[in-house]
Amino acid sequence: MDLDTVRTFVAAADAGQFQEAAAELAVTQQAVSKRIAALERTLGVRLFTRTPRGAELTIDGQAFLPHARELLRVAERAVASVGTGRRPLRVDVIASRGAATGLMRGFHRAHPGIDLDVVMLFDIETAVAALRSGTIDASFRAVAAPGRPLPGEIESVRVLDEPLQLLTGPGHALAGARSVPLARLAGHRIWMPGIVPGTEWAAYYDDLIAEFGLTIEATGPNFGSDALLDTVADTPALATFMGEHTSLVWPAGLGLRRIPVTDPTPVYPHSLLWHRDNPHPALAVLRDHLATATAGHDAAGTWRPGWVLPR
């Protein structure tokens, strides 16, 4: 059904005259008549009867009018849903408790008038495909993993180097330390069941293991953060890595310790990805916010994999 004919029908019904409808639509009265006739042929009914005062709706016209109005409202909503200035900015943060979520919460506090849709996509290939298709506007990732360069149309910028901390239970041998040199972790079991082969974070920890001789175990099912915290608290032989900006709260009775890692401090490099042709006006606002709200990169005394590009 041609929406122009529907729009003309509604204008004529409201005006009660084809001539006034023509003036409102900036077309000729003949064009109005042709559009109404085309709509009547499509529907197989008469919509108007001509009277000395203009045009009156038939019974079928009266029945069709509320549906015609709804058709036009649906069309307007459909257009608004894809208009970059009117739809929410859609951003992938990977996980609800991670550093990227904290960055987006800060952005929302600074710019409460910008509508946001926050989504969580699992792997970088899915995120890049969503950026290329326009399903999302931006994604937080650790990029440039070995052998997996970004497509040419996808831009990226480092926004946060997040220090890793050691999380232990109260019975762990390092639980009382104020900080732990990275080399001292060799020989200790670090349990991280959320590492999935092929992901960018798996590539990160593979390099960390290779360079510093660590023992990182990804065995067993991943039952989520609560189960991880319970296990670490109850198992003196286990510890895990946690990002400094990871937002987790646990009962005081668990006795967990978050211990800074030093000499060097391993940092997880968060970058923002976006499509270079994305016109959403809030995307530029987000990038400017992150440029001023986040700390510097490649600081002295820190470590990152060699495949992470300088800022």
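1. A residue counts as partly exposed when its relative accessible area falls between the buried class, under 20%, and the exposed class, over 50%. Ile94 has a relative accessibility of 30%, so Ile94 is partly exposed. Please keep in mind throughout that this is a predicted model.

2. Staying with Ile94, have a look at the backbone there. Its phi is positive, at about 70°, although Ile94 is not a glycine. The residue sits in the loop that links strand S3 (89-92) with helix H5 (99-110).

3. The loop between S11 and S12 deserves a visit too. Asp263 lies in this loop, and its phi is also a positive value, near 55°, in a residue other than glycine. Is Asp263 buried or exposed? With 61% relative accessibility, Asp263 is exposed, because the cut-off for that class is over 50%.

4. The peptide bond that follows is worth checking on your screen. From Asp263 to Pro264 the bond is cis, and omega is near -5°. Pro264 is found between strand S11 (257-262) and strand S12 (265-275), in the loop.

5. Now to Ser139, which belongs to strand S5 (residues 138-141). Its relative accessible area is 0%, so Ser139 is buried. Which residues does Ser139 touch, leaving aside those up to four places away in sequence? They are Asp92, Ala127, Leu131, Ser271, Leu272 and Leu273. In addition, the side chain of Ser139 makes a polar contact of 3.2 Å with the side chain of Arg141.

6. My next point concerns the N-terminal helices H1 (residues 3-15) and H2 (residues 18-25), whose axes come within 8 Å and cross at roughly 125°. Why call this pair oblique? Angles of 65 to 115 degrees count as roughly perpendicular and those over 145 as roughly antiparallel, so a value between these two ranges is oblique. H1 and H2 are therefore oblique to each other, and the crossing of H1 past H2 is right-handed.

7. Finally, here is the contact between those two helices, residue by residue. H1 contributes Arg7, Thr8, Ala11, Ala12 and Ala15, which meet Phe18, Glu20, Ala21, Glu24 and Leu25 of H2. How many residues of this contact are nonpolar, polar and charged? There are six nonpolar residues, one polar and three charged in the contact of H1 with H2.

Conventions
Residues numbered from 1 in each chain as written. Predicted model: local features only at pLDDT ≥ 70, side-chain atom pairs only at ≥ 80, totals over all residues. Heavy atoms only, no water. Helix = DSSP H or I, 4+ residues; strand = E, 2+ residues; numbered from the N terminus. Buried < 20%, exposed > 50% of the residue type's maximum accessible area, 1.4 Å probe, protein only. Polar contact = N/O pair within 3.5 Å; in protein donor to acceptor, adjacent residues only side chain to side chain. Contact = heavy atoms within 4.5 Å. Axes fitted to C-alpha atoms, helices over the stretch in contact; angles between N-to-C directions. Parallel < 35°, antiparallel > 145°, perpendicular 65-115°, else oblique. Left-handed = near helix turned anticlockwise from the far one by under 90°. Nonpolar A, V, L, I, M, F, W, Y, C, P; charged D, E, K, R; others polar.
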